[in-house]
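Please open the model in your viewer with a cartoon representation and keep the selection panel at hand. The stops below are meant to be taken in order.

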Amino acid sequence: MFGKTENHRDIVASIAEEYESSAGHKNMLQLIHLRWLAVFGQIATIALVVGGFGIRLPVLSMAFVLAVLIAFNIASHLRWHEETKVSNRALFFALLVDVAILTAQLYLSGGTSNPFIFLYLLQVILSAVLLEVWSTWLIVAISGLCLLGLSKFSHPLLLPSDNNGGMPELYIDGMIICFLLNAGLLVFFLTRISGNLKVRDVQLADARQRSTEEEHIVKMGLLASGAAHELGTPLATMSVILGDWRRMPEFSNNPDLIEDLSEMQRQLQRCKTTLSSILLSAGEARGESSVKTTINTFLKQLVEDFRATRPVQTFIFENQIQQDVPVVFDSALKQMICNVLDNALEASPTWLALTVSRDADLLVIVVSDTGPGFLPSILENLGQPYQSTKGRPGSGLGIYFVVNVVRKLGGSVIAHNRQDGGAVVKIELPLSALML
């Protein structure tokens, strides 16, 4: 049991890593888009400063830095278009390149006297959202060192001789532009990045919930296997006793008692068959105990077995599948459908209906009854264990088992109450999960 529990934990860790990588890939694409905006923004800013304000800049050197940024972004786009697994180190390196490019451009355009120095805050905030803690602090430290270096070393801004306002007025105008740019980019990209992270968190929570449910099912399977072993001996003893009773004159001369004994023996044989099936399928993965058949053949056999072993008065079976399809069914699938039918039979002993149809690539199984229907609380928590109106300890596991088996196959379970009384359980299974 512990080995299987550890396997489930490994699966959860693997799924968590996959979702983390998927969110990282989406965030990397956001950085690539942001970098293209930075390219166009730098081109527009250099053109405005040189052409509009007449400030002389080392345009060739700045164009070379810009070409490096464009080349890096093209390479990033090509790589992350093919590669979908993005680690924290990859995001850290991308942000580190952005810091280096910003530092080079600021070095060529006045250093700390350039109002666009506050774009460092954009890099720091993005790192705080995207990166792990250690790498975020490393970005902060590197940005701080770059800022300190720019305060000591940089190319001075050469203002035009006819500039009346002087440096303070241009600096204020630049600060306003920088603030608006920072604010707009942060709102636009952080909302998208936050959405990616929320999707990842929801997926992780769902994966953990499914793993917990599957671990619960594994434990129930082990308990069922152990119970099957323990029940084998008393069932064998009861079978011997019933055989002896049939030969006793008190029973053999009474047709009513013989009929009751025959029914008891049939039900006892059904219990023994069920226990044997549990022992044979315990611990087997799907496919190890599978049977190659067709949908119609499987359904016909299932209905015949159900009618022969259950005291149902009216059982309506409607097969609407026109074209038969070769599929693989195993004991878990048969038991899953029988669980739904048994629950419906218990709620409605006099009438039961099973309708099977095909909707495109889905196998649709609908079970209807005329019982009291589901309580609203059960419908809201469909698939949760121990949700039952039977009032017995341990009840409410049937639909829990059904939902988890269907979910493993990529299907869905929908339940609702009928307007004229009773309940309906609808199971949709992708045929791709059943076909050969």
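Begin in this predicted model by selecting His416, which stands opposite Val424 in strand 7. Now widen the selection to strand 6 and to strand 7, residues 423-430, and you will have a pair that runs in the antiparallel sense over six bridges.

Next, bring in the rest of the sheet, an open one in which five strands follow the order 2-4-5-7-6 with mixed pairing. Colour strand 2 (314-319) and strand 6 (412-417), which stand at the edges with a single partner strand each, so that one side of either strand is left without a neighbour in the sheet. As you rotate the view, note that neighbouring strands of this sheet are turned against each other by 15 degrees on average, direction ignored.

Then add helix 9, residues 295-309, which packs on the sheet and touches strand 2, strand 4 (351-359) and strand 5 (362-369); the direction of helix 9 makes about 180 degrees with that of strand 2. Follow this with helix 10, residues 331-347, which also packs on the sheet, where its contacts are with strand 2, strand 4, strand 5 and strand 7; here the direction of the helix makes about 20 degrees with that of strand 5.

For the last stop, select Ala360, which lies in the loop between strand 4 and strand 5. Its backbone deserves a look, since Ala360 has a positive phi of about 60 degrees although it is not a glycine. Is Ala360 buried or exposed? With a relative accessible area of 59%, Ala360 is exposed, because the class begins over 50%.

Terms used:
Residues numbered from 1 in each chain as written. Predicted model: local features only at pLDDT ≥ 70, side-chain atom pairs only at ≥ 80, totals over all residues. Heavy atoms only, no water. Pairing = 2+ DSSP bridges. Helix = DSSP H or I, 4+ residues; strand = E, 2+ residues; numbered from the N terminus. Axes fitted to C-alpha atoms, helices over the stretch in contact; angles between N-to-C directions. Contact = heavy atoms within 4.5 Å. Buried < 20%, exposed > 50% of the residue type's maximum accessible area, 1.4 Å probe, protein only.
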